[in-house]
Amino acid sequence: MAVLALTVFATISAILIVPPLLVEIATDLEISVAVAGQLATATFASWAVMGVSGGPLSDSFGRRPVALVCLLALSASVLAVAFAPNLETLLGLRVLTGLSGGAIPPNIVGAVADVISPARRAQAVGALLAIQGLASAISVPLVAVLADLGGWRLPFIVYGGVLVAALLANWVWLPKSQGERVRSWAFFSRYRSLVSMRFFRVAVAVNITQRIAFWGTISYFAAYLIKTFDLSIGFVALPLAVSALGQAVGSYGAGFVANRRYRAYFIAASTAAGGVCGLVFFTANLGLWASVAVATVGTGLLSTTFPILVAASTEYSGESKATGVGLMGFSNQSGGALGAGIAGALLASVGYAGIGYMCLSVTIISALLTGLFGRQFGETAGQSKG
């Protein structure tokens, strides 16, 4: 579990390293913040592609080989960014980061689901996903501090080193796959069996719409604070840490709801409330710390849905647990690509207020979908708990 926790921490740090640096990258490369924001779009889009493929890879060929190959490519891509001369090179490397990192989360959750009983699985998944919030709480502010000290390229060197450490830890301590594991590339058959279930069709739609708001807010949170309140990139580390702690609390708390029959109602309510917070954050000038508080509550509420759906997917997916988690990851990163892309377009055309209205619109859609099809989320919940 310690090795898996380090792997989650390093992988999520590699993905979240760009948003705090958008202003610095844009200034250095002489481009707009909205254009620089497409680095996040490229990362999320490629992550979504590999999220679909990574689950079947893990289920078919084993957790250890997938972890080692992907961590090697991920480490190389992050370290190489520190020496990228232009935006085109940066985009290519961030695509590689997304492709190599996308297979790691379903691989990790699959490894946990292999050995943790169903009664305890939701809490274990929630704890691992809470480490994503912890990565935000520690890594994202540290990225801002490192950039303030040594420029925007320094964080990529530091976190490339963290990824190399995770690679070595997996090499030494991650157990080899069991001999009975299937050794065939059963991509389409695994997905056919899952997509035939209404739960997965509904869950993907709910998650994509909700994560558009979450990742749209995360992608432009730091840039909004810097531009609106004239903050230095070093100072913005503190608001980033506060917001990330809210996300960690939301992810961890979701583990205690994931097994309950009322989880669909909880998803709908927290999603709608998170969208309202996103609207207020980007449209109402409340002052620095009041704005940070609103964003923290909003992203914390929006952080609860994904862990609940990931845990629920392991109830339905049988022997294709990593594939089911990968399908949820695909919806997460598709929402990220759409959120960062749409938010960037709205920022360039109508300003930050457009991002706020986007957050409200998509979360209302997500909450309505959950309300209409919520029965699908409760069919297997609560079997061990009333």
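With a relative accessibility of just 6%, Thr304 falls in the buried class of this predicted model. Thr304 sits in the loop that joins helix H14 (288–302) to helix H15 (305–316). Leaving aside residues up to four places away in sequence, Thr304 touches Gly250, Ala254, Phe266 and Ser270.

Helix H15, which starts right after that loop, residues 305–316, also turns up in one of the salt bridges. A search of the whole structure finds two of these. In one, Glu315 pairs with Arg263, and the closest N and O atoms are 3.1 Å apart. Glu315 belongs to helix H15 and Arg263 to helix H13 (residues 263–283), so this salt bridge ties together parts that are 52 residues apart in sequence. How exposed or buried are the two partners? Glu315 is partly exposed, at a relative accessible area of 29%, whereas Arg263 is buried, at 1%.

The other salt bridge runs between Arg153 and Asp28, with 3.8 Å between the closest N and O atoms. Here, too, distant parts of the chain are linked: Arg153 comes from the loop between helix H8 (118–150) and helix H9 (154–173), Asp28 comes from helix H2, and 125 residues separate them. Arg153 is partly exposed, with a relative accessible area of 25%, and Asp28 is partly exposed as well, at 41%.

Helix H2 (residues 22–29) has its own buried set, made up of Leu22, Val23, Ile25, Ala26 and Leu29. Looking down the axis of H2, these buried residues fall within an arc of 165°, so they line one face of the helix. In general, an α-helix has 3.6 residues a turn, so residues three or four places apart point the same way. What does the buried set of H2 pack against? The partners are helix H3 (33–36), helix H4 (38–61), helix H6 (87–102) and H11.

Right after H2 comes Glu30, in the loop between H2 and H3. Glu30 has a positive phi of about 60° although it is not a glycine. Most residues other than glycine have a negative phi. Glu30 is also exposed, with 74% relative accessibility. Asp230 is another non-glycine residue with a positive phi, near 55°. Asp230 lies in the loop between H11 and helix H12 (237–254), and at 70% relative accessibility it counts as exposed.

Turning to the interior, the largest nonpolar core holds 121 residues. Leu21, Phe156, Leu225, Val236, Ile355 and Phe377 are the ones with the most contacts inside that core. Which helix gives the most to the core? That would be H11, which supplies 19 residues. As for Leu21, its contacts, again not counting residues up to four places away in sequence, are Val143, Ala147, Trp152, Pro155, Phe156 and Ile233.

Two of the residues touched by Leu21, Trp152 and Phe156, also show up in the aromatic pairs. The structure holds 14 such pairs. Trp152 and Phe156 make an edge-to-face pair, 6.1 Å centre to centre and with 90° between the planes. Both rings belong to buried residues: Trp152 has a relative accessible area of 5%, and Phe156 comes in at 1%. Phe199 and Tyr316 are arranged in another way, as a stacked pair with 4.3 Å between centres and 0° between the planes. Phe199 lies in helix H11 (residues 198–229) and Tyr316 in helix H15, so the pair ties together parts that are 117 residues apart in sequence. Phe199 and Tyr316 are both buried.

Aromatic residues also gather into a group: Phe221, Tyr224, Phe281, Phe282 and Tyr352 form one cluster. Arginines lie over ring faces too. Arg64 sits over the face of Trp171, at 5.6 Å from the ring centre, and Arg211 sits over the face of Phe214, at 4.1 Å from the ring centre.

Notes: Residues numbered from 1 in each chain as written. Predicted model: local features only at pLDDT ≥ 70, side-chain atom pairs only at ≥ 80, totals over all residues. Heavy atoms only, no water. Helix = DSSP H or I, 4+ residues; strand = E, 2+ residues; numbered from the N terminus. Buried < 20%, exposed > 50% of the residue type's maximum accessible area, 1.4 Å probe, protein only. Contact = heavy atoms within 4.5 Å. Phe/Tyr/Trp six-rings, centres within 6.5 Å; stacked < 30°, edge-to-face > 60°. Lys NZ or Arg CZ within 6 Å of the ring centre and 35° of its normal. Arc of directions from axis to C-beta. Core = buried A, V, L, I, M, F, W, Y, C linked by side-chain atoms within 4.5 Å. Salt bridge = Lys/Arg side-chain N within 4 Å of Asp/Glu carboxyl O.
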